[in-house]
Amino acid sequence: MSSHGALPYVDPRARRGPLYRAYARLAGSRAAMWLSPKVAWKLDPYLMRLTRGRVSTGLILPTALLETRGARTGRLRRNGVIYFHDGERVTIIASRLGLPEHPSWFHNARANPDVVLGGQPFRVEVVDDEAARTRLWELADRVFPPYAAYRDRAARAGRSIPILQLVPR
């Protein structure tokens, strides 16, 4: 897995400006939810790899390239994910827009917990403790408010969205 430099620190408690909030609202819209799996999720791994993580379809959202090993194949897999920091840990949310199935990268990370995010090596820990999940959801909603709608959508489908914390290796 590759290494492209430092992962920018994302403080979930930082105040977000009006442009950021508007873009996050747009990214959580029905149109974006239709477009994401058809275009953005396919384009981002290539775009982020070519630009060393500087450009993605997430534009101003804190997005980084997650590199996992396939659960069945062991092949390298790349996906763009939204992230934020919680101390020295990095948090990512396996939301997949709140659809009924977990994203494939989540299954890969559980099967092979040594991953790379933004060129830095991490070990994945799935957060199961409800108090920790509640605290992390509050932070996640500050970074990307559409997560609240994704949680509702996932709950209607009978799915609890996994929260992963990445510990530096």
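Reader: What does Ile92 touch, once residues up to four places away in sequence are not counted?

Author: In this predicted model, Ile92 touches Leu66, Val81, Ile82, Tyr83, Trp105, Leu117, Pro162, Ile163, Leu164 and Leu166, with residues up to four places away in sequence left out. To be counted here, a residue must have heavy atoms within 4.5 Å of those of Ile92.

Reader: Which residues touch the most other members of the largest nonpolar core?

Author: They are Ile92 and Leu117, in a core of 40 residues. The largest share of this core, five residues, is supplied by α4. As a general background, nonpolar side chains in soluble globular proteins tend to be buried together.

Reader: Why is Asn108 called buried?

Author: The cut-off for buried is under 20% relative accessible area, and Asn108 has 9% relative accessibility, so Asn108 counts as buried. Asn108 is found in helix α3, residues 104-111, and, not counting residues up to four places away in sequence, touches Thr68, Arg69, Gly70, Ala71 and Arg77. Across the protein, buried residues make up 45% of the 169 residues.

Reader: How do you know that the span of α4 is close to what is expected of a helix?

Author: Helix α4, residues 130-143, has 14 residues, and the expected span is 1.5 Å times one less than that number. This gives an expected 20 Å, and the helix reaches 20 Å from its first C-alpha to its last, so the two values agree closely.

Reader: Which residues of α4 are buried, and what covers them?

Author: The buried residues in α4 are Arg133, Leu136, Trp137, Leu139, Ala140 and Val143, and their cover includes α1 (18-27), β2 (76-86), β3 (89-93), α5 (147-156) and β6 (163-168). The helix lies across β2, β3 and β6, and runs at about 100° to β2.

Reader: What makes the approach of Asp129 to Ala131 at the start of α4 a polar contact?

Author: A side-chain oxygen of Asp129 reaches to within 3.3 Å of the backbone nitrogen of Ala131, and the limit for a pair of N or O atoms is 3.5 Å, so this pair lies inside the cut-off and is called a polar contact.

Reader: In what order do the six strands close into a barrel?

Author: The order is β1-β2-β3-β6-β5-β4, with antiparallel pairing, and the twist averages 45° from one strand to the next. Along the sequence, by contrast, the pattern reads α-α-β-β-β-α-β-β-α-α-β, which belongs to a protein of five helices and six strands.

Reader: How do you know that β1 and β4 pair?

Author: Two strands pair if at least two bridges are found between them, and two bridges join β1, residues 63-69, to β4, residues 114-117, so these antiparallel strands meet the requirement. Glu67 stands opposite Val116 in β4.

Reader: What makes β5 a partner of both β4 and β6?

Author: The same requirement of at least two bridges applies: β4 and β5, residues 120-126, pair in the antiparallel sense over four bridges, and five bridges join β5 to β6, which also run antiparallel, so both pairs qualify. Val116 stands opposite Pro121 in β5, while Glu125 has Gln165 in β6 as its bridge partner. In the hairpin of β4 and β5, there are two residues between the strands, and Gly118 takes a positive phi near 60°.

Notes
Residues are numbered from 1 along each chain as its sequence is written. This is a predicted model: local features need pLDDT of at least 70, side-chain atom pairs count only at pLDDT 80 or more; totals for chains, interfaces and linings use all residues. Side-chain values use heavy atoms; hydrogens and water are left out. Buried means under 20% relative accessible area, exposed over 50%, partly exposed in between (1.4 Å probe, protein chains only). A polar contact is a pair of N or O atoms within 3.5 Å; within protein, one must be able to donate a hydrogen and the other to accept it, and residues adjacent in sequence count only if both atoms are side-chain atoms. Axes are lines fitted to C-alpha atoms, for helices over the stretch in contact, and angles run from 0 to 180 degrees between N-to-C directions. A nonpolar core is a set of buried Ala, Val, Leu, Ile, Met, Phe, Trp, Tyr and Cys residues joined through side-chain atoms within 4.5 Å.
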